[in-house]
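Got the structure open in your viewer? Let's take a walk through it, one selection at a time.

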Amino acid sequence: MEFYVHSAIDAHVKKVKCICIHHRRELIYSIGDDKRLCVSSLTESEQKLMHIKCSNMTPKTMALHQDLNRLYVSMKQGVLFLFDISDTTPVVQHTVSFPYSVSRISIDASINLLQALTKRGSLICLQLSSKAPKQLEPTAYIESLSCLEDDRYKICQVRWLNRPRQSSLNGTYFEGSHKGNLWIRDINCESEKMLKVPCDFADKIKEIHYNGDKNIIFVTSRDGRLKCWKLPNSWGTKEMDDLNAEMEFDKKQELMRQSHSQSLRSGHARY
């Protein structure tokens, strides 16, 4: 197998922090420590189309939504910039301020949901609108466990499970900690169900990937190991299942009592 250099572009004068590729338009978007957003051509070698200065803030990470033609760039100062990239020149449409710096952004295009993981270890969810980009407001602010200063509970990776639901906000997601712990959470439930996944990772969770077609979750750790789990169609602990069964039994008993009382009253009324 032979490799060759397709192109070499001097996009930034300082460290490159993140790149996104728009496959349909064959463009490369990159941000760096030089506080600039660079647009380069994917087809023509050594062609840098333009540089855009990101105010006086330092870019941290970014994510691309190809269907909406939008680029979301998070700054170290806790501000999220929304760029319209329907034309070659990106144009700022809106900004959102976060309480903490965002270290990771991911987009679930199937439900137009943006998930921003903050440096503090909390998760911010934003419902994206195709018609009104300025209505980009947080729909959920989710804190991790109460002890956010402890690396065992401080989350560093998040993966939303894009399963079909009636709600636009899919409430089930995985979170991995700096110390190799893995949990499942469901924010649609009042009790905010939380299950700890049994695993013996010895170091930080590096990546979480979910295959929705096969319903399998893949998790890698900095200790060099990769594990995968086949997920059930519905999840819950034995205690939860027993409690739900008991509640259903009590509900049926109450309905039977009400029906019996109504029958007795009807009988007395006839006499």
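Start by selecting Thr 58, in the loop between β4 (48-53) and β5 (59-65); helices (H or I, at least four residues) and strands (E, at least two) are DSSP runs, numbered from the N terminus. Before you click further, know that this is a predicted model, in which local features need pLDDT of at least 70, side-chain atom pairs count only at pLDDT 80 or more, and totals for chains, interfaces and linings use all residues. Residues are numbered from 1 along each chain as its sequence is written, and side-chain values use heavy atoms, with hydrogens and water left out.

Is Thr 58 buried or exposed? Its relative accessibility is 16%, so Thr 58 counts as buried (buried means under 20% relative accessible area, exposed over 50%, partly exposed in between, with a 1.4 Å probe and protein chains only). Now show what surrounds it: leaving out residues up to four places away in sequence, Thr 58 touches Asp 33, Lys 35, Ser 74, Met 75, Lys 76 and Gln 77. A contact here means heavy atoms within 4.5 Å.

**Zoom out**

Show the whole protein as a cartoon. You should find one helix and 19 strands. Of the 271 residues, 40% are buried. Among contacts with a separation of 6 or more, 39% are between residues 24 or more positions apart. Switch on the surface and you are looking at about 16000 Å² of exposed area, 49% of it supplied by carbon and sulfur atoms. These areas come from the Shrake-Rupley method with a 1.4 Å probe, and for residues only the protein chains shown count as cover.

**Two surface patches**

With the surface still on, select Lys 15, Lys 60, Lys 76 and Lys 119, which form a positive patch. Patches are made of residues with over 30% relative accessible area and no salt bridge; like charges are joined within 9 Å, nonpolar side chains (Val, Leu, Ile, Met, Phe, Trp, Tyr) within 5 Å. Lys and Arg count as positive and Asp and Glu as negative, while His and the chain ends are not counted. The place of a charge is taken as NZ of Lys, CZ of Arg, CG of Asp or CD of Glu. Lys 15 sits in the segment before β1 (16-22), and Lys 15 is exposed because its relative accessible area is 56%.

Next, pick Val 16, Ile 19, Ile 21 and Leu 42: together they make a nonpolar surface patch of about 290 Å². Ile 21 belongs to strand β1 and, at 30% relative accessibility, counts as partly exposed.

**Along β1 to His 22**

Stay in strand β1 and select His 22. At 1% relative accessibility, His 22 is buried. Which residues does His 22 touch, not counting those up to four places away in sequence? They are Leu 27, Tyr 29, Leu 64, Gln 66, Asn 69 and Ile 85. Try the distance tool on His 22 and Gln 66: the two are 44 residues apart in sequence, yet 6.6 Å apart in space, C-alpha to C-alpha.

**Two asparagines with positive phi**

From that list, go to Asn 69, in the loop between β5 and β6 (70-75). Asn 69 has a phi near 55 degrees, a positive value in a residue other than glycine. Most residues other than glycine have a negative phi. Asn 69 is partly exposed, at 22% relative accessibility.

Then jump to Asn 215, in the loop between β17 (205-211) and β18 (216-221). Its phi is near 60 degrees, also positive. Asn 215 is buried, at 8% relative accessibility.

**Salt bridges to finish**

How many salt bridges does the structure hold? There are seven, each a side-chain nitrogen of Lys or Arg within 4 Å of a carboxyl oxygen of Asp or Glu.

Select Lys 227 and Asp 200, whose side chains meet at 2.3 Å, N to O. Lys 227 lies in strand β19 (residues 226-230) and Asp 200 in the loop between β16 (194-196) and β17, so this pair ties together parts 27 residues apart in sequence.

Now add Arg 225 and Asp 223, another salt bridge, with the closest N and O atoms 3.0 Å apart. Through shared partners, salt bridges join Asp 200, Asp 223, Arg 225 and Lys 227 into one network.

Your last stop is Arg 222 with Asp 203, a salt bridge at 3.3 Å, N to O. Arg 222 is in the loop between β18 and β19 and Asp 203 in the loop between β16 and β17, 19 residues apart.
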